[in-house]
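The following note collects points on side-chain pairing, strand arrangement and burial for a colleague's consideration. The points are numbered so that each may be checked separately against the coordinates.

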Amino acid sequence: MADTTSDPLKRVEDQLKKCVKCGACRANCPAFTAFGREPAVARGKIALAQHILKDDIELDDQTYLAMSKCLLCGSCVEKCPNEVPTDEIVIAAREALARKRGLTTFHAAVGQVIKNRSLMKMGVKAASLLGPLFFKKVPETSGLRLRFPMPFVGGARHIPAIAKKPFLDRHPEVIPGEPGKPRIIFFVGCMTNFVYTEIGEATLALFRHLGCTVIMPKGQQCCGLPGMSGGDIGTVRELAEKNLAELERYEADYVMSACATCGGALHRLYPLVVGKRNPELKERLEALAAKTVDASQLLHKLGLNPAETGAGESLRITYHDPCHLRTRGLTKQPRELLTGTPGIELAEMEGADRCCGLGGTFNVYHYGSSMTINEAKSRAIIATGAQAVATGCPGCMMQLSDGLKQHGSKVEVLHTLQILARRLKLVR
């Protein structure tokens with residue numbers, strides 16, 4: 001049965017006590033870089049969570065605002081000498097606030113959209129058709145910019161175009177491979193399905209190149225991370241159950257995602273956030289987590305050889321570590337795939353493992369601060385002299401592209417798998 005504990009913070013009460021207020025988190029927190037105030041840093045949020053648990057603080061707009069100033073990047077968790085799981089604490093605090101005061105209007109709307117695939121597809125189709133009414137096309141180096149500001153969006157932001165046809169609608173559910181080769185379930189994710197369909201095509205091409213059977217269940221849903229950002233754990237659970245049932249329909253060796261965020265949800269956050277609250281789902285979610293791999297991780301494991309086509313045109317690139325890969329220890333695999341590709345020169349940027357500033361709905365609620373965090377990333381990319389920046393997360397791609405375009409940079413933003421598939425001449 002589902003956990004109906006009235007206060008989610010009770011589940012992390014012992015973890016709250018582990019924080020000794022040493023301040024090590026300040027040096028590693030991107031939100032502190034942007035806001036420069038104690039409530040933005042991990043120990044400030046932990047202190048706030050303790051007061052919310054004791055019910056001796058007013059749950060006003062400022063309380064909500066303070067708890068929203070976290071990107072859930074995990075940097076503070078990695079550097080904490082006492083191993084305080086601040087990301088888990090922040091998720092619990094946001095859930096507690098949502099239970100006590102209700103969801104914000106924005107997050108309630110987000111929840112309705114992400115848990116209703118038909119509504120999402122209808123909205124995406126409308127955005128694709130009506131985009132010319134709201135957006136103006138500018139030169140390719142600038143992408144799409146808003147003609148006028150809109151709520152929660154702002155006038156400076158560069159927004160990628162919506163795909164005319166979702167990726168999942170372009171292919172059959174099962175694409176058979178060679179006998180004896182791995183069977184892989186491809187968890188596509190919303191950004192790849194509706195925006196960066198070229199990532200899906202590159203991923204599919206690479207695994208077909210290796211002879212794998214690729215299974216793309218048509219009923220897969222949003223991973224639910226946008227709901228988690230607002231404390232809407234009910235929506236996260238609903239989506240986790242739907243995805244679990246859909247992915248369990250097939251026997252497979254791996255569940256693979258080319259989106260760091262989606263992979264992070266299936267691999268870590270489903271067992272952590274949903275499994276702990278719902279014992280009846282715990283074992284199934286842990287089994288799913290054990291099978292979940294990132295696409296670059298699996299290509300590396302299966303022995304993809306990008307050098308097999310011989311020397312290619314010279315390309316200087318740099319690499320950005322998505323937080324949801326970095327926190328899973330997946331940093332060397334994409335780099336080794338790239339450096340093993342003829343013609344590719346990898347120029348490491350300063351702070352490659354620092355958050356780009358997206359943080360899901362953080363980027364929507366705190367867009368200006370999000371771009372303040374991104375400022376150092378954009379400058380670091382440009383300083384390498386790279387022609388392209390590679391990464392393993394469509395969300396990071398959108399953020400990196402926005403920042404670079406606002407700097408007037410022509411550096412191309414690509415998924416790691418796009419580069420590999422192009423070099424192997426599997427896609428254009």
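1. A network of salt bridges links R11, E95, R99 and R277. The model in which this network appears is a predicted one. Across the whole structure, the search returns 26 salt bridges, and the next three points take up individual pairs.

2. R268 and D87 form a salt bridge through their side chains, with an N to O distance of 3.0 Å. This pair connects distant parts of the chain, since R268 belongs to helix 13 (residues 260–275) and D87 to helix 6 (residues 86–101), with the two positions 181 residues apart. The two partners fall into separate accessibility classes: R268 is partly exposed at 33% relative accessibility, whereas D87 is buried at 9%.

3. Helix 6 also supplies E88, whose partner K276 lies in the loop between helix 13 and helix 14 (279–291); the two are 188 residues apart, and the pair again links distant parts of the chain. The salt bridge between the side chains of K276 and E88 has an N to O distance of 3.1 Å. The relative accessible area of E88 is 13%, so this residue is buried. K276, at 48%, counts as partly exposed.

4. A local salt bridge is found within helix 12 (residues 233–247). Here E241 and R237 are 4 residues apart, which means that about one helical turn separates them. Their closest N and O atoms are 2.8 Å apart. R237 is buried, with a relative accessible area of 18%, while E241 is partly exposed at 32%.

5. How many aromatic pairs does a search of the whole structure find? The count is 3. One of them joins F106 and Y365 in an edge-to-face arrangement, with 5.5 Å between the centres and 70° between the planes. F106 is in helix 7 (residues 105–114) and Y365 in helix 18 (residues 362–365), so the pair ties together parts that lie 259 residues apart in sequence. F106 has a relative accessibility of 17% and counts as buried; Y365, at 33%, is partly exposed.

6. A further aromatic pair, F167 with F186, is also edge-to-face, at 5.9 Å centre to centre and 65° between the planes. F167 sits in the loop between strand 3 (158–159) and strand 4 (174–175), and F186 in strand 5 (residues 183–187), so the pair ties together parts that are 19 residues apart in sequence. F167 is buried, its relative accessible area being 0%. F186 is likewise buried, at 1%.

7. The burial of F186 may be read alongside that of its strand. Strand 5 is mostly covered, 4 of its 5 residues being buried. Strand 5 runs parallel to strand 6 (residues 213–215), to which 3 bridges join it; in this pairing, R183 has T213 as its bridge partner. Strand 5 also runs parallel to strand 7 (residues 254–257), joined by 4 bridges, and here I184 is partnered by Y254.

8. Another parallel pairing involves strand 11 (residues 388–391) and strand 12 (residues 412–415), with 4 bridges between them. The bridge partner of A388 in strand 12 is E412. Between the two strands the chain passes through helix 20 (residues 394–406), giving a β-α-β crossover that is right-handed.

9. Which residues does G111 contact, leaving aside its neighbours within four places in sequence? The contacts are D232 and T235. G111 belongs to helix 7 and is buried, with a relative accessible area of 1%. The C-alpha atoms of G111 and D232 are 7.2 Å apart, although the two residues are separated by 121 residues along the chain.

10. A charge-over-ring arrangement completes the list. K69 lies over the face of F35, at 4.5 Å from the ring centre.

Conventions:
Residues are numbered from 1 along each chain as its sequence is written. This is a predicted model: local features need pLDDT of at least 70, side-chain atom pairs count only at pLDDT 80 or more; totals for chains, interfaces and linings use all residues. Side-chain values use heavy atoms; hydrogens and water are left out. Rings of Phe, Tyr and Trp (its six-membered ring) pair if their centres lie within 6.5 Å; planes under 30 degrees apart count as stacked, over 60 as edge-to-face and the rest as tilted. Buried means under 20% relative accessible area, exposed over 50%, partly exposed in between (1.4 Å probe, protein chains only). A charge sits over a ring if NZ of Lys or CZ of Arg is within 6 Å of the ring centre and within 35 degrees of the ring normal. A salt bridge is a side-chain nitrogen of Lys or Arg within 4 Å of a carboxyl oxygen of Asp or Glu. Contact means heavy atoms within 4.5 Å. Two strands pair if DSSP finds at least two bridges between them. A crossover is right-handed if, with the strands pointing away from the viewer, the path from the first strand over the helix to the second runs clockwise.
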